[in-house]
Amino acid sequence: MATPDESPSAKKWLPLESNPDIMNQFLWGLGLPEEEAEFCDVYGFDDELLEMVPKPVLAVLFLFPITSESEAERMMEKDQAQQGEMKEQGEVYFLRQTVGNACGTIGLLHAVGNATSRIKLLEGSFLDRFFKSTANIDPMERAIFLEKDTELEDAHSVAATAGDTEAPNINTNVDTHFICFTCADGVLYELDGRKLQPISHGSSSPDSLLRDAVKVIQAMIQKNPESHSFNCIAFSKKMVE
């Protein structure tokens with residue numbers, strides 16, 4: 001998705017395809033050990049299909065279309081946050097989006113950044129250094145840190161051109177957007193870099209994360225039933241056999 005209106009930036013990246021194989025190769029190259037975790041498609045929301053998703057699920061990525069309704073809801077949440085009406089967040093890793101079309105990579109960083117207590121990154125790798133360097137700064141400072149990082153930008157560019165579909169012109173306005181759902185301190189959070197802060201969706205747990213996120217996702221889909229521009233991907237820890 002294009003750059004958020006509250007944080008204009010001249011920088012734009014190619015959009016990342018909603019493809020678990022590409023996402024896995026992208027993160028494995030940045031320091032997520034292949035044996036630790038991986039992304040996989042969620043093929044549907046029926047109980048049988050949800051049971052097929054590898055467990056435990058560490059995060060859920062959701063791609064959805066940007067509409068006038070979703071933008072109006074985002075602006076309402078922005079006003080609530082600015083007026084101090086939003087709930088306090090727990091210990092959840094969150095960064096803002098200041099780079100156009102970077103929502104896919106930011107979604108991946110949200111997924112990994114909130115799972116560092118359950119997965120082990122390669123010491124000294126890009127991801128290890130990135131999360132250590134940004135641990136104690138605020139979401140906008142993290143966004144600026146990312147914006148200036150050429151190593152991540154280059155890795156994103158490789159991943160964005162590796163998909164099955166031809167990458168669009170970098171100046172094309174993309175009308176879909178990635179967000180991430182994660183559980184922190186017993187709460188389900190929606191992490192959207194275009195918003196001012198994480199959005200709480202009530203109580204959750206690591207065991208119920210997938211089903212709790214799916215409930216929110218289904219409600220979002222119902223608001224735009226004519227669209228087919230939806231995709232759901234789970235980030236799961238690999239279990240040692």
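Reading from the N terminus, the elements of this chain run α-β-α-β-α-α-α-α-α-β-β-β-α-β, and what you have in front of you is a predicted model, so please hear everything that follows as a description of that prediction. In total, the secondary structure amounts to eight helices and six strands. Of the 241 residues in the chain, 53% count as buried, and if we take the contacts with a separation of 6 or more, 76% of them come from residues 24 or more positions apart.

Let me begin with helix α1 and its neighbours. Two packed helices are described by the angle between their axes and by the distance between those axes. Helix α1, residues 20–30, packs with helix α7, residues 150–160, at an angle of about 155 degrees, and their axes are 10 Å apart. With angles over 145 degrees counted as roughly antiparallel, α1 and α7 are therefore roughly antiparallel to each other, and their crossing is right-handed. On the α1 side the contact is made by Ile 22, Phe 26 and Leu 30, and on the α7 side by Leu 152, Ala 155, His 156 and Ala 159. Divided by type, the residues of this contact are six nonpolar, one polar and no charged.

The second partner of α1 that I would like to show is α4, residues 103–113. Here the axes come within 12 Å and cross at roughly 65 degrees, and α1 again passes its partner in a right-handed crossing. Met 23, Phe 26 and Leu 27 of α1 make this contact together with Thr 105, Leu 108 and Val 112 of α4, which gives five nonpolar residues, one polar and no charged. Please note that Phe 26 takes part in the contact with α7 and also in the contact with α4.

Still on α1, we come to Trp 28, which is placed in this helix. Is Trp 28 buried or exposed? Its relative accessible area is 18%, and because buried means under 20%, Trp 28 counts as buried. Leaving aside residues up to four places away in sequence, Trp 28 touches Pro 33, Glu 34, Ala 37, Glu 38 and Lys 238. The C-alpha atoms of Trp 28 and Leu 122 are separated by 9.6 Å, although these two residues are 94 residues apart along the chain.

From there we can move to Ser 125, in the loop between α4 and α5. Ser 125 is buried, with a relative accessible area of 13%, and, again not counting residues up to four places away in sequence, Ser 125 touches Leu 30 and Gly 31.

Next comes helix α5 itself, residues 126–133, in which Phe 126, Leu 127, Asp 128, Phe 130 and Phe 131 are buried. What covers these buried residues includes α1, α4, α6 (139–147) and α7.

That brings me to the aromatic residues. How many aromatic pairs does the structure hold? There are seven. One of them joins Tyr 93 and Phe 131 in an edge-to-face arrangement, at 5.2 Å centre to centre and with 80 degrees between the planes. This pair links distant parts of the chain, 38 residues apart, since Tyr 93 lies in the loop between α3 (68–82) and α4, while Phe 131 lies in helix α5. Tyr 93 is buried at a relative accessible area of 9%, and Phe 131 counts as buried at 10%. Phe 131 also pairs edge-to-face with Phe 130, at 5.5 Å centre to centre and with 85 degrees between the planes. Tyr 93, Phe 126, Phe 130, Phe 131 and Phe 145 form one aromatic cluster.

I will end with the backbone. Most residues other than glycine have a negative phi, and most peptide bonds are trans. Against that background, a cis peptide bond joins Lys 55 and Pro 56, with omega about 0 degrees, and Pro 56 sits in the loop between α2 (47–51) and β2 (57–65). Asn 101, which is not a glycine, has a positive phi of about 65 degrees; Asn 101 is in the loop between α3 and α4 and counts as buried at 1% relative accessibility. Asp 185, also not a glycine, has a positive phi of about 55 degrees. Asp 185 lies in the loop between β3 (176–184) and β4 (187–191), and at 55% relative accessibility Asp 185 counts as exposed, whereas Asn 101 counts as buried.

How values were computed: Residues are numbered from 1 along each chain as its sequence is written. This is a predicted model: local features need pLDDT of at least 70, side-chain atom pairs count only at pLDDT 80 or more; totals for chains, interfaces and linings use all residues. Side-chain values use heavy atoms; hydrogens and water are left out. Axes are lines fitted to C-alpha atoms, for helices over the stretch in contact, and angles run from 0 to 180 degrees between N-to-C directions. Helices (H or I, at least four residues) and strands (E, at least two) are DSSP runs, numbered from the N terminus. Angles under 35 degrees count as roughly parallel, over 145 as roughly antiparallel, 65 to 115 as roughly perpendicular and the rest as oblique. A crossing is left-handed if the near helix is turned anticlockwise from the far one by less than a right angle, and right-handed if clockwise. Contact means heavy atoms within 4.5 Å. Ala, Val, Leu, Ile, Met, Phe, Trp, Tyr, Cys and Pro count as nonpolar, Asp, Glu, Lys and Arg as charged, and the others, Gly among them, as polar. Buried means under 20% relative accessible area, exposed over 50%, partly exposed in between (1.4 Å probe, protein chains only). Rings of Phe, Tyr and Trp (its six-membered ring) pair if their centres lie within 6.5 Å; planes under 30 degrees apart count as stacked, over 60 as edge-to-face and the rest as tilted.
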